[in-house]
Amino acid sequence: MADPNDPSRSPHPSPSSAVARLVDAEGHDGVATPDDVARHFLTDTSFWLDLEALGNEELSDFCRALQLPAELVDIVAHGKPRSWFAPTETAVLVSLRWVTGTDWRASQGASYLNLVLTDRFLLTVHATACEPLDRAFRSIDDFAGHDHDRREFGPHFLFLILDSLIDSFKPLLLAIDDRLGEVQFEMLKGGAPEVHDELVNMLGVLTDGIQEFGWYSHDLEDIAQDLDGLPGMRPDSHAHLEQHRKRVTRMKENGREIREEAKDALSHYSASVAGRQAVVINGLTIVATVFLPLSFITGYFGMNFTILTSHAQTTLWSFILLAVLLPLVSAAFSLLLIHRMVRRLGLNRLSEPPP
């Protein structure tokens with residue numbers, strides 16, 4: 001392990017630039033190799049090892065240095081396709097999703113952090129830079145500067161990291177909520193067709209997140225009663241777990257409320273589209289009604305019956321009656337019927353946007 005007193009080394013290197021970072025309960029912090037980890041494992045000091053973007057071979061070297069059982073190595077390397085919290089005989093295993101930024105479209109690509117807690121160490125493994133870990137790294141000096149029981153190091157940072165991962169969803173939910181307000185305002189002016197796809201994708205993101213929180217909260221409930229017997233846990237871990245459960249529940253409820261808003265927005269959009277379609281159909285109905293009697297007259301008198309046409313072409317009054325007055329009377333009668341239909345059935349209200 002690198003010398004923490006080396007002045008040429010930053011006391012807190014950026015986690016995105018460190019392949020393997022080891023922090024112990026005394027506050028020593030630096031980049032480590034598998035040999036450094038193996039030597040540190042033989043001491044009595046609790047430590048936290050953070051591994052980022054390692055290949056399978058490098059990750060296996062670190063797992064051997066930590067003396068992890070073979071069945072845990074595969075779980076650490078690949079995790080599970082959802083968030084979960086599960087104990088084993090020798091360790092507590094956690095996999096939790098986090099998001100970065102406020103672009104809900106980018107959140108569809110899941111990023112998971114795998115954690116292993118034992119009586120000796122805390123291990124975190126992630127494939128990409130994990131911004132929520134910064135909060136925990138910034139708290140290292142505070143923990144080392146106070147008179148804490150060094151055995152609390154692992155569970156203290158375990159729940160601190162988990163809380164930070166859950167909190168990473170807050171900016172995303174706020175951004176979705178703000179976007180929903182903009183969408184609803186746009187629909188008052190007649191929403192664009194792209195709004196439908198955006199709302200559907202937004203509902204998919206919210207539903208996936210709520211399901212993840214649901215599964216994860218169920219795991220927390222299952223282990224709440226047996227927390228004292230879990231590896232690495234301490235008596236004060238109950239308070240940390242309860243606080244973490246409340247945080248997960250609040251985030252899940254917030255997601256459900258925003259999902260209901262998205263459902264309402266999608267319903268309003270569907271009603272708006274149905275209203276516009278009704279307006280189009282109403283217009284076509286009016287046009288067809290206006291020309292229906294005219295079409296009937298022209299079709300009727302266009303039939304080649306001598307009894308109807310032999311004398312009509314010889315006098316002016318017959319032409320005026322049949323070619324001018326009769327069509328005008330028919331058109332006026334059609335417009336009168338349309339006016340009464342619009343007034344009685346309320347078809348003019350279809351053009352108004354839904355409330």
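This is a short walk through a predicted model, from its sheet to its aromatic pairs and its nonpolar cores.

Let us begin with the sheet. Seven strands make up an open sheet with mixed pairing, and their order is E2-E1-E3-E7-E6-E5-E4. Which strands stand at the edges? Strand E2 (29-31) and strand E4 (84-87) do. Each of these two has a single partner strand, so one side of each is left without a neighbour in the sheet. If you compare neighbouring strands here, they are turned by 15° against each other on average, direction ignored.

Now look at how some of these strands pair. Strand E3 (residues 47-52) and strand E7 (residues 121-126) run parallel and are joined by six bridges. You can find one position to start from at Phe47, whose bridge partner in E7 is Phe121. On this sheet packs helix H3 (residues 70-78), which touches E4, strand E5 (92-98), strand E6 (111-117) and E7. The direction of H3 makes about 150° with that of E6.

Back at the edge, E4 and E5 pair in the antiparallel sense over four bridges. Together E4 and E5 form a hairpin, with four residues between them. Here Trp84 stands opposite Ser95 in E5.

Next come the aromatic rings. How many aromatic pairs does a search of the whole structure find? There are seven. In one of them, the rings of Phe153 and Phe157 have their centres 4.9 Å apart and their planes at 55°, so this pair is tilted. Phe153 and Phe157 both belong to helix H6 (residues 153-167), and because they are four residues apart there, about one helical turn separates them. Are Phe153 and Phe157 buried or exposed? Both are buried.

Another pair, Phe169 with Phe213, is edge-to-face, with 5.0 Å from centre to centre and 70° between the planes. This pair links distant parts of the chain: Phe169 lies in helix H7 (residues 169-188) and Phe213 in helix H8 (residues 194-224), 44 residues apart. Phe169 has 9% relative accessibility, so this residue counts as buried. Phe213 is buried too, with a relative accessible area of 6%.

Some rings join into a group: ring pairs link Trp48, Phe137, Phe153 and Phe157 into a cluster. Phe137 also has a charged visitor, as the charged end of Arg21 sits over its ring, 3.6 Å from the centre. In a similar way, the charged end of Arg120 sits over the ring of Phe41, 4.8 Å from its centre.

Finally, let us look inside. In soluble globular proteins, nonpolar side chains tend to be buried together. The largest nonpolar core of this model has 57 residues, and the members touching the most others are Trp48, Phe85, Leu158, Ile161, Leu162 and Met233. At least two residues of this core come from each of E5, E6, helix H4 (133-138), H6, H7, H8 and helix H9 (237-301). Which element gives the most to this core? H8 does, with eleven residues.

Phe85 is a good place to zoom in. Leaving aside neighbours within four places in sequence, Phe85 is in contact with several residues, including Val92, Leu93, Val94, Leu162, Tyr216 and Met233. There is also a second, separate core of 25 residues, and Ala20, Leu51, Cys63 and Phe121 are among them. You have met Phe121 already, as the bridge partner of Phe47 in E7.

How values were computed: Residues numbered from 1 in each chain as written. Predicted model: local features only at pLDDT ≥ 70, side-chain atom pairs only at ≥ 80, totals over all residues. Heavy atoms only, no water. Pairing = 2+ DSSP bridges. Axes fitted to C-alpha atoms, helices over the stretch in contact; angles between N-to-C directions. Contact = heavy atoms within 4.5 Å. Phe/Tyr/Trp six-rings, centres within 6.5 Å; stacked < 30°, edge-to-face > 60°. Buried < 20%, exposed > 50% of the residue type's maximum accessible area, 1.4 Å probe, protein only. Lys NZ or Arg CZ within 6 Å of the ring centre and 35° of its normal. Core = buried A, V, L, I, M, F, W, Y, C linked by side-chain atoms within 4.5 Å.
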